[in-house]
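Let's work through a few short exercises on how a protein holds its ligand. Have a look at the model first, then try each task before reading the solution.

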Amino acid sequence: MQNIINGKWVDASDKSTMDIINPYTGKKIDSVPNMTPKDVSRAVEYAKKAQKTWKDVPVHKKVKILQEFLNLVDAHKDELAKTLSQETGKPITQAYAEIGNIRIAFEAFMEMSKHLYGNTIPAGTEAGQEYTLQFTVREPLGVMVAIIPFNFPCDLFDQKVAPAILAGNTIIVKPPHQNPLTLIKLTALLHEAGLPKGVVQVLTGDGNKTGAPLSQHPDVHGITFTGSTAVGRSIYSNAASHLAHVALELGGNDAFIVLKDADIDLAIEEMISGRMYNTGQVCCASKRFIVDKSVLNEFETKAIERIKKLVIGNPADKKTDIGTLVTLSACEKAQKQIQNVVNQGGRIIYGGNAKGAVLEPTIITDIPRTADVAKDDEIFAPVVSIIPFDTEEEAIDIANQSNYGLSGCVFTKNMNKAFKICAQLECGGTVINGSSFHRSFEMPFGGYKYSGLGTEGVMSTFDAVTRTKTVTLKNVLK
Ligand code: NAD
């Protein structure tokens with residue numbers, strides 16, 4: 001499938017391509033261009049040109065185009081969900097859910113875009129300014145780039161593209177290299193809906209060849225990135241060279257604290273949704289299960305019973321709960337990480353085996369707090385890593401010993417204690433009696449420490465995709 005630059009279907013200028021593989025069958029689905037730095041420069045030129053007129057298109061007209069886009073998404077939902085499931089190994093029911101989210105997210109951003117008000121600063125707040133009025137307006141950043149990870153490509157397309165273009169920016173989308181097809185299709189639907197050429201372009205390729213030049217280009221004024229901390233750091237440093245605005249949503253190793261008075265049945269259900277969804281490949285999935293020793297046995301026994309009921313295998317089957325990891329090599333990496341946990345003192349009590357890119361849900365217990373997984377080793381797979389504790393102070397200490405700080409959660413019937421623990425957790429989102437896997441489109445979602453910079457969501461993204469201009473009316477009140 002070709003890319004879209006300035007409204008036209010194109011190949012890479014050097015004709016190079018990348019194969020897109022279905023991780024369940026191991027078969028090639030399609031191939032896409034591996035775009036070059038020269039292609040990046042061309043796309044940026046078109047984005048600059050298009051932005052000059054797009055910024056002046058009134059919001060109500062932009063909204064109308066996006067409403068038509070949503071109608072097209074509805075009409076193509078079966079094809080989009082099938083593509084997303086096939087290229088990602090995502091269970092088909094979860095792929096439908098992600099396609100369904102496009103309307104929810106776009107409509108919320110469309111509504112918010114009608115309310116991007118400025119401020120008026122009253123005259124006379126400082127001596128000598130009695131006759132002067134000042135007000136603020138929001139202006140777009142200009143050309144933006146969205147670099148998107150493999151796990152929820154459509155959700156992140158929504159979070160980045162909708163606010164950027166509604167605020168008058170143009171944007172170049174760099175889809176994940178493993179599974180770019182659904183995002184190319186969405187970009188095509190935006191054009192079919194009437195979006196002018198050059199406003200949204202899509203460039204596929206690998207991180208170094210296509211992604212890095214996008215973040216290095218001096219005419220890119222804003223970069224919104226979701227992905228790993230390592231790549232986030234390199235983008236941040238590239239952006240510094242030309243002072244581009246950056247928003248970074250990075251990795252996580254979220255704590256799931258179970259106190260001795262917790263409702264264990266509830267904790268188990270939340271462990272299933274919060275760790276097994278998307279086959280464990282979720283930034284804010286609960287990844288470190290920090291469990292009071294007095295309820296450890298009950299937690300382990302019930303976790304095994306419940307995980308046994310999950311349906312594993314063919315992502316195309318509506319009954320499947322656990323699909324494949326995104327690639328065979330992602331599965332091999334997760335297996336090595338599991339072995340490392342065992343080498344460092346953990347004990348596997350369920351699962352641990354893989355067939356192709358399908359990794360059995362795995363439970364590892366008795367993990368010492370010194371193990372890598374208890375700190376910064378993020379396992380992007382359906383793996384429940386249990387770290388037992390004796391005192392609540394110790395639990396909080398283990399939770400905070402990670403350099404990551406995306407989200408965290410605590411299970412207890414004592415609300416005072418729950419609030420106190422949430423206040424002590426060093427992370428951007430906290431959940432009481434639910435897993436850390438909670439992201440609504442409205443909330444400002446983002447991490448502390450190595451988990452990112454800034455927040456994303458209907459409440460906050462418009463601040464990241466606009467800048468403020470002050471207009472001063474000097475002596476207007478004289
Ligand atoms: P990744 O960092 O490997 O890749 C993300 C994107 O960056 C892809 O499009 C990739 O092609 C591109 N890329 C790779 N190298 C690049 C470079 N040098 N310059 C520019 N672009 C480059 O991440 P991934 O494996 O796709 O996703 C998993 C990671 O993303 C996990 O760490 C997960 O926690 C994190 N994540 C975070 C959030 C969040 O909101 N905080 C959400 C989803 C995923």
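**Exercise 1.** Find which domains supply at least three residues each to the shell around the ligand.

*Solution.* Keep in mind that this is a predicted model. Start with domain 1, which is made of 3–250 + 452–471. Then go to domain 2, running over 254–440. The shell draws at least three residues from each of these two.

**Exercise 2.** Work out how many residues surround the ligand, and how they split by class.

*Solution.* Count the neighbours: 30 residues surround the ligand. Ile-148, His-177, Ser-228, Leu-250 and Glu-378 are the closest. Now sort the shell by class: you get 15 nonpolar, 11 polar and four charged residues.

**Exercise 3.** Track down which element gives the largest share of the shell.

*Solution.* Begin with elements that each supply at least two shell residues: among them are helix H7 (207–216), strand S10 (222–226) and helix H8 (229–241). H7 takes the prize, with four residues, the largest share.

**Exercise 4.** Look for polar contacts with the ligand, using pairs of N or O atoms within 3.5 Å.

*Solution.* Try Ser-228: a polar atom of its side chain is 2.6 Å from a ligand oxygen atom. Next, take the backbone. An N or O atom there in Phe-150 lies 3.3 Å from an oxygen atom of the ligand, while one in Ala-212 lies 3.4 Å from a ligand nitrogen atom.

**Exercise 5.** How much of the ligand's accessible area does the protein cover?

*Solution.* On its own, the ligand has 850 Å² of accessible area. The protein covers 90% of that. As for the place, the ligand takes up the space of the largest pocket.

Key: Residues numbered from 1 in each chain as written. Predicted model: local features only at pLDDT ≥ 70, side-chain atom pairs only at ≥ 80, totals over all residues. Heavy atoms only, no water. Near = heavy atom within 4 Å. Polar contact = N/O pair within 3.5 Å; in protein donor to acceptor, adjacent residues only side chain to side chain. Areas by Shrake-Rupley, 256 points an atom, 1.4 Å probe, with all protein chains shown as cover. 1 Å grid on protein atoms, 1.4 Å probe; cavity = no way out; pocket = protein on both sides within 12 Å on 5 of 7 lines; lining within 4 Å. Sits in = over half its atoms within 2 Å of the grid points. Nonpolar A, V, L, I, M, F, W, Y, C, P; charged D, E, K, R; others polar. Domains from an automatic or database assignment.
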